[in-house]
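User: I've just opened this structure and I'd like to learn how to read it. Could you walk me through it feature by feature?

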Amino acid sequence: MAKLIDGRAIADKVYVDLRRDIAEAKSRGLTPGLAVILVGDNPASRAYVRSKDKMCRELGLYSVKLEMPASTTHSELLARVEELNRDPAIHGILVQSPPPKQIDEAAIVRSLDPRKDVDGFHPENIAKLALGDPTGLVPCTPLGVQRLLIESKIDISGAHVVILGRSMIVGKPVALLLMQKNKNANATITVVHSRSRNLAEITRSADILIAAMGQANFVKVEHVRDGAVVVDVGINRLEDAASERGYRLVGDVAFDEVARKASAITPVPGGVGPMTIAMLMSNTVKACRAVNSV
Ligand code: NDP
């Protein structure tokens, strides 16, 4: 049976270090500040924003939660972002995805001050990731996946990492991050997607398999070799009349069967999810320190 990689416990460890960094920043008169903008009333987005705000407060960060109606125009949102770009108390800005249709999300990301882009999606930060420039802000979920592996003492260097999914949020940046030339990366990377041939054959050659597809329980025992490490990024809602909410969350990996074959595996929930928030907090502190050169 695979060892469980406990994302909540590892996130708590990250928070211990972060609290120390935050206390140090405060002793210099600096409070890292994060602004999260929610446009519209998507319930999942609302829940994510709430938990980000809650975590900021628990850590003693300055937190601004801006809720804008679903009818907000692109230029109204742009104006708010520009105000926050100019606000010296704010070191990180995040516009919760997905925004309503009238908003050009890519243009909003480009309008962020890259030094405040704690999601790490601004073209300047993506370029820095590709260049291996450590001054950039790296997207939170990929950073969380890397940290889970490091803290679980799983050797990334030289490992064949197969990533299922090529999105700009997870698949591509995780590939860029884990192929970097440093001791916490140095992986041999293969990225597969919906047009890949012989998908199971490729995934079976993975030492570390990272699933980020958004397909409930897709990864089965035949996709995984004996002893592989399996990281499940997926968060999918499955209808479940027995549950109080009417649904339950499952990952992209059929956990029970894959756990019997893997050497280590992340659960959903409680795996990558808590790490994504922890890395957002960490990026906010990093952004604050960088801009103040401390
Ligand atoms: P996207 O829908 O943007 O990308 C999914 C990727 O998976 C695409 O590259 C797609 O291929 C590929 N894919 C989909 N179906 C298949 C298939 N049958 N075979 C092979 N490849 C397939 O999703 P995201 O990257 O945004 O998110 C992925 C999952 O991760 C979601 O469940 C999301 O909720 C979750 N997530 C979790 C986070 C966390 O904190 N834990 C954070 C962010 C996301 P193609 O490009 O060819 O279409």
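**Loops and backbone**

Analyst: Let's start in a loop: Asn217 sits between strand S7 (208-211) and S8. Keep in mind that this is a predicted model.

User: What is the phi of Asn217?

Analyst: About 55°, so a positive value, although Asn217 is not a glycine.

User: And peptide bonds? Which residues are joined by a cis peptide bond with omega of about 0°?

Analyst: To read one, look at omega. Ser97 and Pro98 are the pair with that value, and Pro98 belongs to the loop between strand S4 (92-95) and helix H4 (105-111). Another cis bond links Val268 to Pro269, with omega of about -5°. You'll find Pro269 in the loop between S11 and H10.

**The sheet**

User: How do I read the open sheet, and what order do its strands have?

Analyst: Go across it strand by strand. The order is S1-S11-S8-S7-S5-S6, 6 strands with parallel pairing. Strand S1 (3-4) and strand S6 (188-192) are at the edges with a single partner strand each, so each has one side without a neighbour in the sheet.

User: Over how many bridges do S8 and S11 pair?

Analyst: Strand S8 (residues 229-232) and strand S11 (residues 264-265) pair over 2 bridges, in the parallel sense. If you want a spot to look at, find Val230, which stands opposite Ile265 in S11.

**The ligand**

User: Now the ligand. Which residues are closest to it?

Analyst: Start with the shell, then go to single atoms. The ligand is surrounded by 20 residues, with Arg166, Ser167, Ser194, Ile235 and Thr276 the closest. By class, that shell has 8 nonpolar, 11 polar and 1 charged. H10 gives the most to it, with 3 residues.

User: What about single atoms: how far is a polar side-chain atom of Ser167 from an oxygen atom of the ligand?

Analyst: That distance is 2.5 Å. A nitrogen atom of the ligand lies 3.3 Å from a backbone N or O atom of Val233. For Asn236, a side-chain N or O atom is 3.5 Å from an oxygen atom of the ligand. To put an area on it, the ligand taken alone exposes 930 Å², and the protein buries 71% of that.

**A pocket**

User: One last feature: what volume does the second largest pocket have?

Analyst: About 550 Å³. After the volume, read the lining: 24 residues in this case, with Val138, Leu143, Gln146, Leu177 and Lys286 nearest the centre of the pocket.

User: Which helices each supply at least two residues of the lining of that pocket?

Analyst: Helix H1 (7-27), helix H5 (123-131), helix H6 (140-151) and helix H10 (272-291) do. So H10 turns up in this lining as well as in the ligand shell. Sorted by class, the lining of the second largest pocket comes to 9 nonpolar, 9 polar and 6 charged residues.

Notes
Residues are numbered from 1 along each chain as its sequence is written. This is a predicted model: local features need pLDDT of at least 70, side-chain atom pairs count only at pLDDT 80 or more; totals for chains, interfaces and linings use all residues. Side-chain values use heavy atoms; hydrogens and water are left out. On a 1 Å grid over the protein atoms alone, a cavity is a set of points where a 1.4 Å probe fits but cannot get out, and a pocket is an open set with protein on both sides within 12 Å along at least five of seven lines; lining residues have an atom within 4 Å of a point. Grid points are joined across faces, edges and corners, and a volume is the space filled by probe spheres set on the points. Helices (H or I, at least four residues) and strands (E, at least two) are DSSP runs, numbered from the N terminus. Ala, Val, Leu, Ile, Met, Phe, Trp, Tyr, Cys and Pro count as nonpolar, Asp, Glu, Lys and Arg as charged, and the others, Gly among them, as polar. A residue is near a molecule or strand if one of its heavy atoms lies within 4 Å of it. A polar contact is a pair of N or O atoms within 3.5 Å; within protein, one must be able to donate a hydrogen and the other to accept it, and residues adjacent in sequence count only if both atoms are side-chain atoms. Accessible areas come from the Shrake-Rupley method with a 1.4 Å probe; for residues, only the protein chains shown count as cover. Two strands pair if DSSP finds at least two bridges between them.
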